[in-house]
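Work through the exercises below with the sequence and the 3D view open beside you. Try each task on your own before you read its solution.

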Amino acid sequence: MSDNGGEPEATARLQKLFEGHRLTPTQRRIAHCMVRRSADAPFLSSVELAELAGVSQPSVTRFAVALGFDGYPALRRHLRDVVPAAAPTGDSSYNEYQQAVQAEIDNLRHLSSLLADPGPVARAGQLLARSRPLPVLGLRAATAQAAGFAYFARKVHPDVRLLDEGGTLLADRIDAAVRAGASTLLCFALPRHPREVVEALEYARGEGLTVVTVADSTFAPVARHSDLLLPAAVGTGLAFDTACAPMLLGRVLLESMCDALPDAQARLEEFDAKAAARGLFVE
């Protein structure tokens, strides 16, 4: 079966099923796999699910019991009742590159469905706007997402600090942001999740920062160290993950932050005037 992303309704129902349960890291891995394969989930055997999630078959059984079912067959029957069958995905003659693009389109559709409730993004925008300075964390695969956000955010926010290097200095840089008055840290967290990111978020919260995280799933390892987690799925059909949805969600957060900054428009106009005077752009 190809990993072509789940339909938004199927994904939402799966996530609702898992909410409110205290899951172990292994069980969160299974849940994450089922969300990413939501169209296939009601039809996977316990062996197939275990293989896809990279866990043992007994772990799948324990996962089903943790959700309140007698075993995995009962969970699968429940999924077939409550998760709608996937709609046809289109032309089966798509090559692997086209399939990767179609998977990203599905991820963007899912993100659009999540944004039907603008409340979490609006709250995040307010938190980011109030934090002076605003530290933005992203390591390894998430470095580009964090750097892109920071680049544009600096045009409207007076003090944005990009944290894109790990190591022993990371905690020092968080400390410096806290001493300067930071109240919120924005994190971009994508697979594979570096241990340093999890530890940095735990440390940041311990220092009193509110953590807003853009992650690939509500079951990502960073979830329990985040005060507000905004999910945006990544594509897995190519050798390296694709992250169109997290990038777009970052831009949506920028828009929300601008809405909460009363002088954002004035700052943008000032930048445009200076750019024109310097002949910064060729257009």
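**Exercise 1. Decide whether T184 is buried or exposed, and describe its surroundings.**

Solution. T184 has a relative accessible area of 1%, so it is buried, where buried means under 20% relative accessible area, exposed over 50%, and partly exposed in between, computed with a 1.4 Å probe and with protein chains only. Before going further, note that this is a predicted model, in which local features need pLDDT of at least 70 and side-chain atom pairs count only at pLDDT 80 or more, while totals for chains, interfaces and linings use all residues. Residues are numbered from 1 along each chain as its sequence is written, and side-chain values use heavy atoms, with hydrogens and water left out.

The next step is to place the residue: T184 belongs to strand β3, which covers residues 184-189. Helices (H or I, at least four residues) and strands (E, at least two) are DSSP runs, numbered from the N terminus.

Then list the partners. Not counting residues up to four places away in sequence, T184 touches L127, L128, S131, L134, P135, L209, T210 and V212, a contact being heavy atoms within 4.5 Å. With L127 there is also a distance to note, since a polar atom of the T184 side chain lies 3.5 Å from the backbone oxygen of L127.

**Exercise 2. Find out which residues L128 touches, and where in the chain L128 lies.**

Solution. Begin with the element: L128 is part of helix α7. Its relative accessible area is 0%, and therefore L128 is buried. Its contacts, again without residues up to four places away in sequence, are L134, F149, H157, T184, L186 and M257. For a longer distance, take V234, which is 106 residues from L128 along the chain, with 24 Å between the two C-alpha atoms.

**Exercise 3. Locate two cis peptide bonds and a positive phi.**

Solution. Start from the general rule that most residues other than glycine have a negative phi, and most peptide bonds are trans.

- The peptide bond from R132 to P133 is cis, with omega near 5 degrees, and P133 sits in the loop between α7 (119-130) and β1 (134-137).
- The peptide bond from P191 to R192 is also cis, with omega near -10 degrees, and R192 is found in the loop between β3 and α10 (195-206).
- R140, although it is not a glycine, has a positive phi of about 55 degrees; R140 is in the loop between β1 and α8 (143-153), and it counts as exposed because its relative accessibility is 67%.

**Exercise 4. Compare the places and contacts of S46, S217 and R29.**

Solution. Take the residues one after another.

S46 is in helix α3, residues 46-53, and at 14% relative accessibility S46 counts as buried. Leaving out residues up to four places away in sequence, S46 touches Q57, V60 and Y72. The side chains of S46 and Q57 are joined by a polar contact of 3.0 Å, a term that stands for a pair of N or O atoms within 3.5 Å, of which, within protein, one must be able to donate a hydrogen and the other to accept it, while residues adjacent in sequence count only if both atoms are side-chain atoms.

S217 lies in the loop between β4 (210-215) and β5 (228-231), and with 2% relative accessibility S217 counts as buried. Apart from neighbours within four places in sequence, S217 is in contact with H32, L229 and P231.

R29 belongs to helix α2, residues 25-36, and at 47% relative accessibility R29 counts as partly exposed. Setting aside neighbours within four places in sequence, R29 is in contact with A53, G54 and V55. From R29 to A220 there are 191 residues in sequence, yet their C-alpha atoms are 8.0 Å apart in space.

**Exercise 5. Describe the protein chain as a whole.**

Solution. First count the elements: the protein chain has 12 helices and 5 strands. Next consider its extent, for the C-alpha atoms fill a box of roughly 65 × 45 × 30 Å along the principal axes. Of the 283 residues, 45% are buried. Finally, among contacts with a separation of 6 or more, 70% come from residues 24 or more positions apart.
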